[in-house]
Amino acid sequence: GDFLYGSDKRRDPYAYRTELPQRTISIAQPYRMTRFPITEVQFNAFSQSADYADTKWWRDVPAEYQAQPIFIIEEDSQPAPNDPATHISWYQATAFCNWLTAILRQANIITENQIIRLPTEYEWEKAARGTDGRVYPYGDDAEIDNANMSDANLGNVCAVGLFPDGISPYGIHDMSGNVFEWCAPSEDKTYSLRGGSYFMSQEWARCAYSYERA
C-alpha cells in the first residue's frame, strides 16, 4: 500500500535536499522483513560452510568480493554470536540471501515462488516508519534510549533487539542505529545503506536517510 517517503522540512530539521519533497509511494507487492538484523551466527552458518564456495550463490559477482569476511577490529572486541553481522560486502549479503532461499525451500518454510533478498529502499523505509512519515521508527523525536547511536554512548555494536522501545510500527528491531543495513541497488545502480550506526549521531539514524555507494 501507500506510505510517505522522504522528508518534510517542517517536521524534520535534519532533512537533506535529496530527501525532498516528501511524497506518497505505493508498494504493490506484499513482502516480509526479518524481525531482527541477520546476526553473526546466522551469517557464519553460510560463510563458514562448504556451501560458501559454490559459484551458484555468486552470480555476476566479481571474484574479489567472494573472499571470506575480514574483521578489522581489536582482539578484545570480537563480535558476539547475537551481534548483527558486520564487515559484510553487498555481494556477500546477496550471496547469503541466495543460499538462504535454497535452504528454506528445502525445509518447506517458503514456497518455490518466494525468495529471500535485500529490500529495496522503498520497502526498507516503509518497514522502518510505517505510513505516517515519522522521522524515526518510534516517532518524530530522537530518543537516546531507543537506539544504539553515538548519542547513546555505547561506543560499539550491541546484540540485536536490545532497544525494544525503538521498534518500527511493524515490530521490526534496530532499524535506527546499531549498524547500517544494505538495500537492493537503485535504478542508477548505486548500493545504499540505511538505518545509521552506533558511531553516528541521530541525524543519520532517521528513516529517510540514505548513504549511497557507487
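**Close-up 1. Helix α3 is largely enclosed by the rest of the structure.** In this predicted model, eight of the nine residues of α3 are buried, so the helix has the remainder of the structure around it over most of its length. The buried residues are Glu-121, Glu-123, Trp-124, Glu-125, Lys-126, Ala-127, Ala-128 and Arg-129. Follow the chain just past α3 and you meet Gly-130, which takes a positive phi of about 75°.

**Close-up 2. Cys-158 is a buried residue in the loop between α3 and β3.** Its relative accessible area is 9%, and because buried means under 20%, Cys-158 falls in that class. Setting aside neighbours within four places in sequence, Cys-158 is in contact with Asp-83, Pro-84, Asn-148, Phe-163 and Asn-178. Pro-84 deserves a second look: 74 residues separate Pro-84 and Cys-158 along the chain, while their C-alpha atoms are 7.7 Å apart.

**Close-up 3. Asp-141, Glu-143, Asp-145 and Asp-165 form a negative surface patch.** Asp-145, one of these four, sits in the loop that runs between α3 (121-129) and β3 (181-182). With 61% relative accessibility, Asp-145 counts as exposed.

**Close-up 4. Glu-19 is buried in the loop between β1 and β2.** Here the view moves to the stretch linking β1 (2-5) with β2 (23-26), where Glu-19 lies. Glu-19 counts as buried because its relative accessibility is 4%. Apart from neighbours within four places in sequence, Glu-19 is in contact with Gly-6, Ser-7 and Asp-12, and also with Arg-206, Ala-208 and Tyr-209.

Methods
Residues numbered from 1 in each chain as written. Predicted model: local features only at pLDDT ≥ 70, side-chain atom pairs only at ≥ 80, totals over all residues. Heavy atoms only, no water. Patch = residues over 30% accessible without salt bridge, like charges linked within 9 Å, V, L, I, M, F, W, Y side chains within 5 Å. Areas by Shrake-Rupley, 256 points an atom, 1.4 Å probe, with all protein chains shown as cover. Salt bridge = Lys/Arg side-chain N within 4 Å of Asp/Glu carboxyl O. Lys, Arg positive; Asp, Glu negative; His and termini not counted. Charge placed at Lys NZ, Arg CZ, Asp CG, Glu CD. Helix = DSSP H or I, 4+ residues; strand = E, 2+ residues; numbered from the N terminus. Buried < 20%, exposed > 50% of the residue type's maximum accessible area, 1.4 Å probe, protein only. Contact = heavy atoms within 4.5 Å.
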